Amino acid sequence: MLKFLRQSRTFLNAKEPCCIVLGNESCDLDSAVSAVSLAYFYQQSKVIPTNCETNTKFLPILNIPRRDYPLKTEVHYLFKQYAISEDLLTFRDELSEEFLQNNKLVLVDHHVSALWKNAVAIYDHRPRDVMAKVADDCNVNLHVVGSCATLISELFIQNKFLGEDEQIALELLRSTIVLDTVNFSAEAARATPKDIEICSILEDYLKAMDNSLIARNELFNDLVRARSDVSALTPAQLLRKDLKLLANDKAGKFKIALPGFPLPVQKFIEKPNAAEDLQQFAKENACGIILLMGMFVDATDNSVHRDLGLININGNRQLYSLIKETLETSKEPNLALHLHQDCTFMQGVFYRQDNIKATRKHILPIVKNILDNFEN
């Protein structure tokens, strides 16, 4: 794996045929590990997408600027355990536009992209977005499972690409599945039968290589601590740490930001300079409405807690009210929101979310549908 990553850096902005394996813009552990592991699989196994030439080189890309890598605390932590240093990784802002436009793509952990015409394959674990554009000859692999890493692991297993040389990739994938499924917690209900089956198969192979395989509970707790360790991050950095942006050009280029935190929103808004950093964040991203999404896992009992905050910073009042009402009355899913009556930070509305099974993956389509159909 390390040799491959070092070599892949030489493919960057080169003239030879290259296929970019692109994770999603949140660059969480699932996205980063899935992109790196899939590119490694293609390059080393020679099992490649049908629309790629046999001599194609595969370049994994973390879909964030390099400056934001320290914000991905769990990614940084896990990669460091396997000596994957930052200098071995390639980031979105290192790609020239010409290189990006002239090469093929594999989209990982997302399937909505402005670059859809270049995509030769897609691996995603979200329900299909009806608005997503996909090329006719693109190999689409969309399966609703707990982790995209499960789908990438399945490729390794199906092609019997499970030797000792692949140990790092297999351990990274297994770690990601454990974190994404909240260690297969029944309460979180993130794991599907496929996640359980694939993780068990990975563990069988890994145990045969190394009897000292870390236990799931210990692994999960280590990753949760790493993800939650945001003590050194400012509110401005936290807003960029796990960010989704939605836009609707038809409705006058309205943009909505959905930052996710590994801590409660109620804790975020108590941080020094939170209001100032939110104002600056809204200005930099040209978004008038911000939906803050907090989540943390209590390591003592693996219980999951979620909350939301909706703030209008010079955004469209009608759109803000529509989002507020829709979230409060949503039935699919029912978010089970309870208003914090005494919280008036920046004149926003703040909720405890009792339906912990509803993640950003479920809430984002609700907001996107409002935005897609909104006319000023």
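Buried here means under 20% relative accessible area. Keep that cut-off in mind as you click through this predicted model.

**Stop 1: helix H2**

Select residues 29–45, which make up helix H2. By that cut-off H2 is mostly covered, with 16 of its 17 residues buried. From first C-alpha to last, H2 reaches 23 Å, close to the 24 Å expected at 1.5 Å a residue. Step just past the end of the helix to Lys46, where phi is positive, near 70°.

**Stop 2: H2 against H3**

Now add helix H3, residues 73–81. The axes of H2 and H3 come within 8 Å and cross at roughly 40°. That crossing makes H2 oblique to H3. Which residues meet here? On the H2 side, show Leu29, Ala32, Val33 and Val36; on the H3 side, show Glu74, Val75, Leu78 and Phe79. Sorted by class, this contact has seven nonpolar residues, no polar ones and one charged.

**Stop 3: the parallel sheet under H2**

Keep H2 on screen and bring up the open sheet of five strands, ordered S2-S1-S3-S4-S5 with parallel pairing. Its edge strands are S2 (57–61) and S5 (139–142), each pairing on one side only. On average, neighbouring strands in this sheet are turned by 15° against each other, direction ignored. H2 packs on the sheet, touching S1 (18–22), S2, S3 and S4, and its direction makes about 175° with that of S2.

Zoom in on S3 (residues 104–108) and S4 (residues 119–124): four bridges join this parallel pair. To find one of them, pick Val106 and look for its bridge partner Ala121 in S4. Then show helix H5, which lies across S3, S4 and S5 and runs at about 115° to S4.

**Stop 4: helix H6**

Next, select residues 167–180 for helix H6. H6 reaches 20 Å from its first C-alpha to its last, close to the 20 Å expected for its 14 residues at 1.5 Å a residue. Is H6 mostly covered or mostly open? Mostly covered: 12 of its 14 residues are buried. The buried set takes in charged side chains too, including Glu171, Arg174 and Asp180. For the surroundings, colour H2, H3, H5 (148–158), H7 (193–209) and H8, since the buried residues of H6 pack against them. Just after H6, check Val182, which takes a positive phi of about 55°.

**Stop 5: H6 against H8**

Hide everything but H6 and helix H8, residues 216–228. These two pack at an angle of about 75°, with their axes 9 Å apart. That makes H6 roughly perpendicular to H8. Show Arg174, Ser175, Val178 and Leu179 from H6, then Arg216, Leu219, Phe220, Leu223, Val224 and Arg227 from H8. This contact counts six nonpolar, one polar and three charged residues.

**Stop 6: strand S8 and its partners**

Finally, jump to residues 289–298, strand S8, where eight of the 10 residues are buried. S8 pairs with S7 (residues 254–261) in the parallel sense over four bridges, and with S9 (residues 303–312) in the antiparallel sense over 10 bridges. Centre on Ile290: this residue is the bridge partner of Ala257, and it also stands opposite Ile311 in S9. What links S8 to S9? The two form a hairpin with four residues between them, and Asn302 in the turn has a positive phi of about 60°.

Note on methods. Residues numbered from 1 in each chain as written. Predicted model: local features only at pLDDT ≥ 70, side-chain atom pairs only at ≥ 80, totals over all residues. Heavy atoms only, no water. Axes fitted to C-alpha atoms, helices over the stretch in contact; angles between N-to-C directions. Parallel < 35°, antiparallel > 145°, perpendicular 65-115°, else oblique. Contact = heavy atoms within 4.5 Å. Buried < 20%, exposed > 50% of the residue type's maximum accessible area, 1.4 Å probe, protein only. Pairing = 2+ DSSP bridges. Expected span 1.5 Å × (residues − 1).
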